[in-house]
Structure formats: C-alpha cells, structure tokens
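Good morning, colleagues. Please take a moment to look at the model on the screen before I begin.

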Amino acid sequence: MTTPRLTAEMPPMMYGTAWKKERTADLVYRAIKAGFRGIDTAAMKKHYDEVGTGEGIRRAISEGICSRRDLFIQTKFTPLDNTSAYSPTDPIPTQVHTSIASSLANLFPRNSSDLGTTTTADDDDEEPYLDALILHSPFPTTQQTLEAWSALKSYLPASRESDGDSDLSQPPDHRRSRAGTILRLGISNVTLPVLRALGTAYGHDPAAAPQIVQNRFYYAAEPAWDVDVRAWCADINAAITDNHEPVRYQGFWTLTGNAGVWRRAGFVADVAQGAGVSLAGAWYALLMEAAKVVVLNGTGDEAHMREDLEVLGRVERWRRGTAEGREVWRRSVEQFGQLVGGVVDQDEGNS
C-alpha cells in the first residue's frame, strides 16, 4: 500500500464515540459538522459502534463537509474481547490481523451504496488507512503484549514485516502489503512498567515507542493525574529527533471524572471569567495548552460541541491580548501545574 501523501494531524481535541450506541452515526456526523476533525472509536462492540462511526464519517464526506484526509481517525484493537471479530482462542497475531481487517471494513467499506459512493478515499487508487491504531489495553502478560505489538508494527509505513506481498500465487488481497495501512500506533489503559517493557524490548529506541498513550486523566488515579506516565512521555519526547513525531498523551474522563476539581478551583474560574468561557471550557484550555493533553470529548450536545471547539481560540486571544490576561493565565498555569504535577508548560503563561 502507498501511504497517503497528505494526512491530518492529530487535533488537540478529538470526538470520543464510546457509549453512543444507536446514536453513534448521527452524533459522529454532527460532531464533524460542528468542526471536530479527530474521531476515536474501537472494535469493541460492548462500548463502541464502529460501523455507526463509519456511517457518520461517510455521510459527512458525501455532503462535502470534509474529505477523508481532513480527518484523523483512530480505532482500537481490544485484547480478550468476545465481542470483536476475532476469536480469543486464535493466536495473538491472528487476532490482531482479523480485528484490523474488520475495522477497515467497518469504517471504509468498499461498497457504500447507501451513500452513492464506493469509497471514502479521495483518490480512486488510494487504499483505506487509519491515522492511528490503539492497543486498547495490555494483555495479561508482557510477552503477550509484545507479541501483539510486533503484529501491529507490521502495519506501519516503515515496516518490513508484512508478509504475502511477494507471493504472486496468492490472490491480490493477500499479496498487498500491510505496511502503511496504519500511520501511528498507541496503547491505552497502560501503566509505566508496561511502557518501560516496550522500550526495553526495542533497545530503548525512542523512535520505537508508542506514538500515542491514551489513559484516564483523573485526580483519584494511582498515581494522581497519571503523573508518572505523562513524565515518561515527556522523557521520550526529549530524546527523539526532529525526524520523528512526538509521543502524544490522550486523556479521557477529563471532564466528568474531575468535576469536583474544576468546578471549585479558583484558577479555573479566573480563566473562565477572563476569557469569557465556561468553567468546563477553561479546564479544557488548561489541559490542552498547559499540560498538552489531547482531550477526548464525548458530548452529545451540538451547542457544547461548537463551544468546546472554540475554547482554545477564545482563551488564546484573551491571554495574549492584554497584560492582565497574560498575568492571570501565568498565575493560573502555575496553580494548575501544582495541582496536576508532571510536565506543565509554564512558558505558555509568559507568551
């Protein structure tokens, strides 16, 4: 497969599709229409509707709201899941390959007659691709996790592990190389020891690290605010070269799970009042700007979709527009950093 020439960057806020059930297709469409350009889903049928996500994406593309290359689409392979396409008794590489094939078919069916199209790709000769694939959680053992990770790596653009593409006796679909089908790999619900094990397995090469870490960002976690994993991401980013993308930390449950914090924090209220945004919006801005957390936002309210997407711009204009705004932001970032720990970008307060 040829990697698409131009693809979307990961936006600072993505639309999360968990628990949407029969509303998934409509909410994904409405989210894209409202301005979301990042979509997170999973093959796990218990909590996600990957087919519905694909329907919402294709509807938005068919109406000209966006193109495929405008969207950052990521899904997940869920280990030990009896609702996915694979059998949990299959060898782990088979589970991975079966799940990914199912995800591609769900999100980018070759025959989309319901929308009058045959593909969501922009070019007829472009194969479907995923901007990111997340290992939904580690397996029970490190060895199993490493086996799954090795199978996932065969889909990356630089992979040399894809098989079958040189055997002309096989059907074309079997000969097609997997390399380039997935542009980035990540891992979710992960602890620091597992991340370190992945690093050790690949000779501590920062370029071989997961490019995405997706965890619950939560005050009652152990440790609080996932501070050790966020510090690991920062350490990897400090070691990689300009030729590699930085590791991005994606946080879920950032709003609902921390409502008791952001509703009472005075520095959140200061940002909200100064920038003219809601308390939730001010919390989101601090997460995205100061902590560099990519926020997974699962709101089902269209007004909130638009409001949340506008938060960064409104806060940016306020904090750069006046000396008072700069000072309030600087002070708020300092207090926010004292709360959540880890690496918080203090320079944002001095801009």
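**Strands, helices and cores**

M14 stands opposite L296 in strand 8. I start from that pair, and I should say at once that this is a predicted model. M14 brings us to strand 1, residues 13-16, which runs parallel to strand 8 and is joined to strand 8 by three bridges.

How do the eight strands close into a barrel? They follow the order 1-2-3-4-5-6-7-8, and the pairing is parallel. From one strand to the next, the twist averages 25°. In general terms, the strands of a sheet pair through backbone hydrogen bonds, either parallel or antiparallel.

Strand 8 also has a partner in strand 7, residues 248-252; these two pair in the parallel sense over three bridges. There, Y249 has V293 of strand 8 as its bridge partner. Elsewhere in the barrel, strand 4 (residues 132-135) and strand 5 (residues 185-188) run parallel and are joined by three bridges. L133 has its bridge partner, L185, in strand 5.

Let me stay with strand 8 for a moment. Are its residues, 293-297, buried or exposed? Five of the five are buried, and the strand is mostly covered. In a regular strand, side chains alternate between the two faces of the sheet. Here V293, V295 and N297 point one way, while V294 and L296 point the other way, and all of them are buried.

I turn now to the helices. Helix 9, residues 266-275, packs against helix 10, residues 279-290, at an angle of about 105°, and their axes are 8 Å apart. Because angles of 65 to 115 degrees count as roughly perpendicular, helix 9 is roughly perpendicular to helix 10. Which residues meet in this contact? From helix 9 come F267, V268, A269, V271 and A272, and from helix 10 come L279, A282, W283 and L286. The contact comprises nine nonpolar residues, no polar and no charged ones.

W283 appears again in the largest nonpolar core, which has 85 residues. The residues with the most contacts inside this core are V96, V213, W232, W283, V315 and F336. Helix 10 supplies the largest share of the core, nine residues. As for V315, leaving aside residues up to four places away in sequence, V315 touches V271, A275, V277, A285 and W329.

Another core, of ten residues, lies apart from the largest one; among its members are A8, I134, F252 and L296. With L296 we return to the residue that M14 faces in strand 8.

Conventions:
Residues numbered from 1 in each chain as written. Predicted model: local features only at pLDDT ≥ 70, side-chain atom pairs only at ≥ 80, totals over all residues. Heavy atoms only, no water. Pairing = 2+ DSSP bridges. Helix = DSSP H or I, 4+ residues; strand = E, 2+ residues; numbered from the N terminus. Axes fitted to C-alpha atoms, helices over the stretch in contact; angles between N-to-C directions. Buried < 20%, exposed > 50% of the residue type's maximum accessible area, 1.4 Å probe, protein only. Parallel < 35°, antiparallel > 145°, perpendicular 65-115°, else oblique. Contact = heavy atoms within 4.5 Å. Nonpolar A, V, L, I, M, F, W, Y, C, P; charged D, E, K, R; others polar. Core = buried A, V, L, I, M, F, W, Y, C linked by side-chain atoms within 4.5 Å.
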